[in-house]
Amino acid sequence: MSALEAGAELAPQEFVVRRDDLVAYAGASGDHNPIHQDESIAHLVGLPGVIAHGMYTMALAARAVAVWTDDAEVVDLGCKFTAPVVVPAEGGATVRIAGTVKSVADGCATLALDVTCAGEKVLGAPKAVVRLG
Amino acid sequence: MPIDASLVGREFPPTAPFLVTEAEVASFAAATGSGSRRVPATFPVVVTFRALLEFLEAERVELARIVHGDQKFSYERPVVVGDELTATLTVTGVRQIEGTDILRTTSAITDADGALVCTAGATIVHRGEA
């Protein structure tokens, strides 16, 4: 694991998102929006296909942060959802999460993340602040 | 139907208390692949989404026509098993751009004592019918 010092690069992590994952996430989160399950409804409302819940992608970002920080307490976590993660019926979409330690101050580290799918940024300005043990 | 701009500033009724159980946390962790010993950082969506659903129902907005614009969680303390969480959603902004409504909300997540645990800010994008 990289030390959490300002400027440190955090080892990228990859996660494959499949339709089954979205079904499980819908059940666990209560978000049964059909755009995350049903291709025809997704198309009807102008989406390119079934998309992952933005909050699912954000949960993956939180998971990456937990790995990088040895499960540190998260004080702040935020992002914009700038592009959808389109999840095909067969196989899956690969989300890649990289990060950098932006700053360390007052017992907290601020991590800037870079979250992409097929080379395109899917989260805007994803950021986490964690408390250092 | 556009979202009513006069909603700005309105606080919606708090959601019913949600007991954070081991089983709920395990289910959420399994669904997101979390191996953390902690309650996952995005777990409060379980209560903020309920607040959103109640808002959508009250305003007759169809769930399939919304997507998430942004999300932020600012914690006062970590969520722990045994917490009884309630979300109170306030509309902080509504604007329309070419038939799309952009709704800003903030949800205060409080525990059984009424103490603030986490503030969740969210932008919801409502795509109107073409």
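A residue is called buried under 20% relative accessible area, exposed over 50%, and partly exposed in between, with a 1.4 Å probe and protein chains only. The model is predicted, so local features need pLDDT of at least 70 and side-chain atom pairs count only at pLDDT 80 or more, while totals for chains, interfaces and linings use all residues. Residues are numbered from 1 along each chain as its sequence is written, chains are lettered from A in the order in which they are written, and side-chain values use heavy atoms, without hydrogens and water.

**Exercise 1. Describe the two sides of helix H1 (residues 22-32) of chain B.**

Step 1. Helices are DSSP runs of H or I with at least four residues, strands are runs of E with at least two, and both are numbered from the N terminus.

Step 2. Val25(B), Phe28(B), Ala29(B), Ala31(B) and Thr32(B) are buried in this helix. Down the axis of H1(B), the buried residues fall within an arc of 165°, so they line one face of the helix; the arc is taken from the directions from the helix axis to the C-beta atoms.

Step 3. Exposed on the other side of H1(B) are Glu22(B), Ala23(B) and Ala30(B).

Step 4. The buried residues pack against helix H1 (19-29) and helix H3 (54-68) of chain A, together with helix H2 (45-59) of chain B. Just after H1(B) comes Gly33(B), with a positive phi of about 70°.

**Exercise 2. Find the strands that pair with S3 (residues 93-105) of chain A.**

Step 1. Two strands pair if DSSP finds at least two bridges between them.

Step 2. S1 (residues 9-17) of chain A runs antiparallel to S3(A), and 7 bridges join them. Phe15(A) stands opposite Val95(A).

Step 3. S4 (residues 108-117) of chain A is also antiparallel to S3(A), with 10 bridges. Arg96(A) has Thr116(A) as its bridge partner in S4(A).

Step 4. S3(A) and S4(A) form a hairpin with 2 residues between them, and Asp106(A) in the turn has a positive phi of about 50°.

**Exercise 3. Characterise the interface between chain A and chain B.**

Step 1. Taking contact as heavy atoms within 4.5 Å, 30 residues of chain B touch 34 residues of chain A.

Step 2. The buried area is about 2700 Å², with 57% from carbon and sulfur atoms; this is the accessible area (1.4 Å probe) that two parts lose on being put together, summed over both. Ala31(B), Thr32(B) and Ala64(B) supply 17% of the area that chain B buries against chain A, more than any other three residues.

Step 3. A salt bridge needs a side-chain nitrogen of Lys or Arg within 4 Å of a carboxyl oxygen of Asp or Glu. There are 2 between the chains. Lys72(B) forms a salt bridge with Asp76(A), with the closest N and O atoms 3.6 Å apart.
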